[in-house]
Amino acid sequence: MAQSEPVRARMSHRGVVSLVTLVIATLGAALPLSMVAPTLAITADQFGTTAAESSWTLTIVLVVAATTTPVIGRLGDTFGPRLVLLILIPVVMVGLAIAGLAGSMGELIAGRTLQGLGGGVFPLAIALARRVVPEAQRPLAVGLLTGTFATGTGLGVVIAGILVDRVGTQALAWLPFALLAVAGVMTFGLAEAPRADRQPLHLASSLLLAGGVAILLFAVTEAPRSDAEVALTVGSLAAGAAVISVWAWRVVRRSESAGVSHLRVRALWTSHVTSLFLGAALFATFVALPVFIEVGDATAGPLTPATLAGLLLLPATAAMAAVGPLSGILRRRLGRRGPAVLGAAATVIGGIILAAGAHTLPSLLAGSVLVGAGVATGSAGLVNVLVDVTDDDTISSVSGVNIAARQIGGAFGAAGCAALLATSGDEPDPASYALAFGLIAVLAVAALLASLLIPARQAPGDTNL
C-alpha cells in the first residue's frame with residue numbers, strides 16, 4: 001500500500017494536457033487586464049484625447065472584471081465550468097477584435113469592456129483544475145494557475161511597450177486573441193466538472209457594485225480636474241459610498257437568507273480583503289513605474305521609454321512566474337496562511353524600497369521584483385486558503401469573489417496612483433513621485449495586516465473559518 005500512493009497521486013497525460021489548456025486560457029485572459037497601462041499617453045495622442053480620458057481604457061476592464069467575475073463563477077458552478085468557458089472565450093475574443101480594429105476612443109473602450117469579462121476565466125480554470133488534478137497535487141496546480149494569472153497581468157505591462165514600438169497599439173489586442181483562440185480549441189477536450197444546484201446570479205447586485213465603483217473612480221480621477229472640484233469630488237464620493245452601502249446591505253441580506261455569507265466566514269473575508277490590497281499595490285506599481293521612466297529622470301539610452309518601462313518590469317514578471325507554483329510547497333512548510341503572509345511581507349519590503357529609495361533604476365528594479373514576487377506568492381496562497389475551506393460546488397463563486405476583490409483593488413490602486421502623479425500638473429514632480437511610491441508601501445502594509453487576520457488553522461467543528 002505504501003508504494004501505491006504515489007501512483008494514484010500521479011497526474012495522467014490527459015490531466016497534464018488539461019492543465020496546459022487552462023494555463024493558456026488564463027494567460028490569454030490576464031494579458032488584456034494590464035497591457036494598456038504603460039501606453040495611456042500614446043493612446044491619448046493616437047485618438048486625439050487626454051491621458052485622463054484614455055485611462056478609462058484601463059479602469060473599465062478592471063471594473064467589468066471585478067463586477068462580472070462572481071456572476072461568471074456562479075454560472076460555472078450551475079451549468080459546468082467547461083461549458084461556460086467555451087462560451088466566454090469567444091466573447092472575450094470579440095472584444096479583442098473590436099479593440100484591435102478600433103478607429104475611435106469609443107470603439108476602443110467598447111472592446112475593452114468586453115475584454116473585462118475575461119476575468120471570469122480564472123475561477124472557471126480553478127474549478128476545472130480540481131477535477132483533473134489529483135488531490136495531492138492540487139496546491140501545485142492552483143499555484144501554477146494563480147501564478148499564471150499574476151504573471152499574465154505583469155507580462156501585459158512588460159510586452160506592451162515592445163509591441164507598441166514595433167507594431168502599434170493594435171498589437172495589444174491580437175496577441176491575447178491568438179492565445180485565446182488556441183485555448184478555445186483545446187477546451188473542447190476538457191472533462192466537465194460536476195454541476196451544483198442552480199444558484200441565483202444576483203445581477204442587480206453586480207450592477208450596483210459596478211455603479212458604485214465607477215462613481216468612486218470618477219471621484220478619484222475626473223472630479224478633481226473639474227471647475228467645481230470640491231463639490232463634485234465630495235458629491236461623487238458620497239454617491240459612490242451610498243451605492244456601495246446599498247450593495248453591501250443586499251449582499252448581507254441575501255446571504256443570511258441563503259445561510260451562507262462571505263462576511264461571516266473569517267477565512268474568506270480576510271482573504272478577499274488581502275487580495276484587494278495586493279491588487280491595489282500591484283496596479284499602482286504598474287502605473288507609477290512606466291510614468292517615472294517616460295517623463296521622469298531615468299535615462300532610456302538607446303531604448304524608447306515605453307520599451308524601457310516594460311523591461312524594467314520584466315524581472316518582476318519573471319519573479320511572479322517563478323514563485324507562484326511554489327505556494328504549495330510553502331503551504332506545507334508554513335501552514336495555511338503562511339504563503340499569504342510571506343507574500344504580503346515581501347510586497348511591503350518592495351513598497352518601502354520604492355518609496356524610500358533613491359529612485360534609480362537599481363532601486364526601482366529591486367522594489368518592483370519584490371512587489372511582483374510578493375503579490376504572486378500571496379495571491380497563490382490566498383487561493384489555496386479558499387480551496388481548503390470551500391466545497392467543490394461553490395469554488396468557482398468563491399474564487400470569483402476573490403479575484404473580483406483584486407481587480408477592484410487594482411482599479412483603485414491605478415486610479416489613486418494616477419491622481420497623485422497628476423497633483424503637480426501635466427508632468428509629475430519629485431513630490432508627486434514620492435506620494436505615488438508611498439501609496440504602494442501603504443497599500444502593501446494594509447495587505448500584510450489583513451493577511452495576519454486569516455486563521456492559521458480550523459478548529460474541529462468551527463464554522464467561522
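The exercises below work through a predicted model of one protein chain.

**Exercise 1. Overall make-up**

State how many helices and strands the chain has, and what share of its residues is buried.

Solution.
- Step 1: the secondary structure consists of 20 helices and zero strands.
- Step 2: of the 465 residues in the chain, 55% are buried.
- Step 3: for contacts with a separation of 6 or more, 83% are between residues 24 or more positions apart.
- Step 4: the accessible surface is about 18,200 Å², and carbon and sulfur atoms account for 68% of that surface.

**Exercise 2. The span of helix H17**

Work out the expected span of helix H17 (residues 338-356) and compare the value with the distance between its end C-alpha atoms.

Solution.
- Step 1: H17 has 19 residues.
- Step 2: the expected span is 1.5 Å times one less than the number of residues, which gives 27 Å for H17.
- Step 3: the end C-alpha atoms of H17 lie 27 Å apart, in agreement with the expected span.
- Step 4: the buried residues of H17 include Gly 338, Ala 340, Val 341, Ala 344, Thr 347, Gly 351 and Leu 354.

**Exercise 3. Two hydroxyl side chains**

For Thr 347 and Ser 451, find the helix, the burial and the backbone atom that the side chain reaches.

Solution.
- Step 1: Thr 347 is in helix H17, and Ser 451 is in helix H20 (residues 430-451).
- Step 2: buried means under 20% relative accessible area. Thr 347, at 0%, is therefore buried. Ser 451 also counts as buried, because its relative accessibility is 0%.
- Step 3: the Thr 347 side chain reaches the backbone nitrogen of Val 375 at 3.4 Å. The Ser 451 side chain reaches the backbone oxygen of Leu 448 at 2.7 Å.
- Step 4: leaving out residues up to four places away in sequence, Thr 347 touches Leu 278, Ala 281, Leu 370, Val 371, Gly 374, Val 375 and Ala 444. With neighbours within four places set aside, Ser 451 is in contact with Thr 274, Arg 337, Ala 340, Val 341 and Ala 344.

**Exercise 4. The aromatic pair**

Classify the geometry of the pair formed by Trp 174 and Phe 177, and decide whether each residue is buried, partly exposed or exposed.

Solution.
- Step 1: the structure holds one aromatic pair. Its members are Trp 174 and Phe 177, with 5.4 Å from centre to centre and 75 degrees between the planes.
- Step 2: planes over 60 degrees apart count as edge-to-face, and the pair of Trp 174 and Phe 177 is edge-to-face.
- Step 3: both residues lie in helix H10 (residues 171-187), three residues apart, or about one turn of the helix. Residues three or four places apart in an α-helix point the same way, because there are 3.6 residues a turn.
- Step 4: partly exposed covers the range between under 20% and over 50%. Trp 174, at 34%, is partly exposed, and so is Phe 177, at 24%.

**Exercise 5. The nonpolar core**

Name the residues with the most contacts inside the largest nonpolar core, then list the contacts of Leu 22 and Phe 437.

Solution.
- Step 1: this core has 103 residues, and Leu 22, Leu 145 and Phe 437 have the most contacts inside it. Helix H13 (residues 266-295) supplies the largest share, 14 residues.
- Step 2: Leu 22 lies in helix H2 (residues 13-30) and is buried at 1% relative accessible area.
- Step 3: not counting residues up to four places away in sequence, Leu 22 touches Leu 85, Ala 125, Leu 128, Ala 129, Leu 145 and Leu 190.
- Step 4: on the same basis, the residues touched by Phe 437 include Ala 288, Phe 292, Gly 351, Leu 354 and Leu 364.

Key
Residues numbered from 1 in each chain as written. Predicted model: local features only at pLDDT ≥ 70, side-chain atom pairs only at ≥ 80, totals over all residues. Heavy atoms only, no water. Helix = DSSP H or I, 4+ residues; strand = E, 2+ residues; numbered from the N terminus. Buried < 20%, exposed > 50% of the residue type's maximum accessible area, 1.4 Å probe, protein only. Phe/Tyr/Trp six-rings, centres within 6.5 Å; stacked < 30°, edge-to-face > 60°. Polar contact = N/O pair within 3.5 Å; in protein donor to acceptor, adjacent residues only side chain to side chain. Contact = heavy atoms within 4.5 Å. Core = buried A, V, L, I, M, F, W, Y, C linked by side-chain atoms within 4.5 Å. Areas by Shrake-Rupley, 256 points an atom, 1.4 Å probe, with all protein chains shown as cover.
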